[in-house]
Amino acid sequence: MVEEAKSHGIQSIEVGMDILKKISEAGKPLSITEIAILCDTSKSKLHRYLTSFVRTGMVEKNQDAKYILGTEIIRLGLVASRKLNITEIVAPHLMYLKETLNETVALAVWGQNGPFFISWEESNGPVNIGVKVGSQVSITQSAAGLVFATFLPNEVTEKKINEELNTLSIDSASFQLTIDSVKANGFAYVKGTTVAGISAIAAPIFDRSSKLIASLTIVGLEHSLDVSENSKAVHILKERSAMISEFLGWNGNLYKIRGKGHTHC
């Protein structure tokens, strides 16, 4: 049967995609009744979709007659993820943050020598902060660095953290309190630690396995960039980092990420 077009699209495909999204977001096997409630549809109509999804491998039905995502849709997701370029994915979000807040924004990743910026959009303001693509940043003194210090495994960050704590004579207990705060609030901030008069906020970007892959950062003058938890800048930053993470397959639950304690020299 030829499906009826809706706004130059196929309505049944859109309905089917919504069903798959609901199954994915649940994070557990669902009965047909549970899916029908989530999708606000009848079980008879839903049954036809689920039958086709099972036949094509998009959904699997377990021995308890409950449905989960199938191996074929997972395979397609993995193929798509290999083609994702984090710089390209984040680019429109950087532009949105820059235009909305009129602040400098950047994307940082972890490299062999610690965090560094791979994308940078300068604000339209009169002050040039001077940090460019490729610039290495401190793991203990920058907002981006604190995100990596908090959410990367100890074995990855510990050596770099210890080096900076010793060099800069930073108290390890105080630094652990900072890590705990970043973990609890979902973002990091600094005020004048890297460059005098400059503040920054940063939030984590996770992939589908809840692995930290990048840090989204906003940088501005201390008097203009509000780094408080309930500020507009922090709200939009966290919102955008979550959007990017969810696009990469993250399940949206920051508190499933284990916190960590550091043992410093």
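## Helix H8

Asp171 caps the N-terminal end of H8, with one of its side-chain oxygens 3.3 Å from the backbone nitrogen of Ala173. The model is a predicted one, and the distances and angles reported here are computed from it. H8 covers residues 172–185, which makes 14 residues. From first to last C-alpha the helix reaches 20 Å, close to the 20 Å expected at 1.5 Å a residue. After H8 comes Gly186, which has a positive phi, near 80°.

The buried residues of H8 are Phe175, Gln176, Ile179, Val182 and Lys183. Viewed down the axis of H8, they fall within an arc of 115°, so they line one face of the helix. What they pack against is helix H6 (143–151), helix H7 (154–167) and strand S7 (188–191).

## Helix H1

The 16 residues of H1 should span 22 Å at 1.5 Å a residue, and the end C-alpha atoms, 23 Å apart, agree with this. Ser12, Gly16, Ile19, Leu20 and Ile23 are buried in H1. Down the axis of H1 these buried residues occupy an arc of 95°, so they line one face of the helix. Gly27 follows H1 and has a positive phi, near 70°.

H1 (residues 11–26) also holds both Lys22 and Asp18, which are four residues apart, about one turn of the helix. The two form a salt bridge, their closest N and O atoms being 3.1 Å apart. Both partners are partly exposed: Lys22 has a relative accessible area of 22%, and Asp18 one of 31%.

## The Glu121–Lys98 pair

The count of salt bridges comes to two. Besides the pair in H1, the side chains of Glu121 and Lys98 meet in a salt bridge, at 3.7 Å from N to O. Glu121 belongs to strand S6 (residues 114–121) and Lys98 to helix H5 (residues 86–101), so the pair ties together parts that are 23 residues apart in sequence. The C-alpha atoms of Lys98 and Glu121 are separated by 7.1 Å. In general, side chains of opposite charge can pair when their charged atoms come close.

Glu121 is partly exposed, with a relative accessible area of 25%. Lys98 has a relative accessible area of 14% and counts as buried, because the cut-off for buried is under 20%. With neighbours within four places in sequence left aside, Lys98 is in contact with Glu103, Val105, Glu121, Glu122, Ser123 and Asn124.

## Confidence

Over the chain the mean pLDDT is 85, and 86% of the residues reach 70 or more. Among the elements of the chain, H6 has the highest mean pLDDT, 97, and strand S1 (residues 5–6) the lowest, 44. H6 is also one of the elements against which the buried residues of H8 pack.

Two stretches call for caution. Over residues 1–6 pLDDT stays under 50, and the model has seven contacts beyond four places in sequence for them. Over residues 255–265 pLDDT likewise stays under 50, and here the model has 35 contacts beyond four places in sequence. Where pLDDT is low, the predicted coordinates should not be read in detail.

Terms used. Residues are numbered from 1 along each chain as its sequence is written. Side-chain values use heavy atoms; hydrogens and water are left out. Helices (H or I, at least four residues) and strands (E, at least two) are DSSP runs, numbered from the N terminus. The expected span of a helix is 1.5 Å times one less than its number of residues. Buried means under 20% relative accessible area, exposed over 50%, partly exposed in between (1.4 Å probe, protein chains only). The arc is that of the directions from the helix axis to the C-beta atoms. Contact means heavy atoms within 4.5 Å. A polar contact is a pair of N or O atoms within 3.5 Å; within protein, one must be able to donate a hydrogen and the other to accept it, and residues adjacent in sequence count only if both atoms are side-chain atoms. pLDDT is the predictor's confidence in each residue, from 0 to 100. A salt bridge is a side-chain nitrogen of Lys or Arg within 4 Å of a carboxyl oxygen of Asp or Glu.
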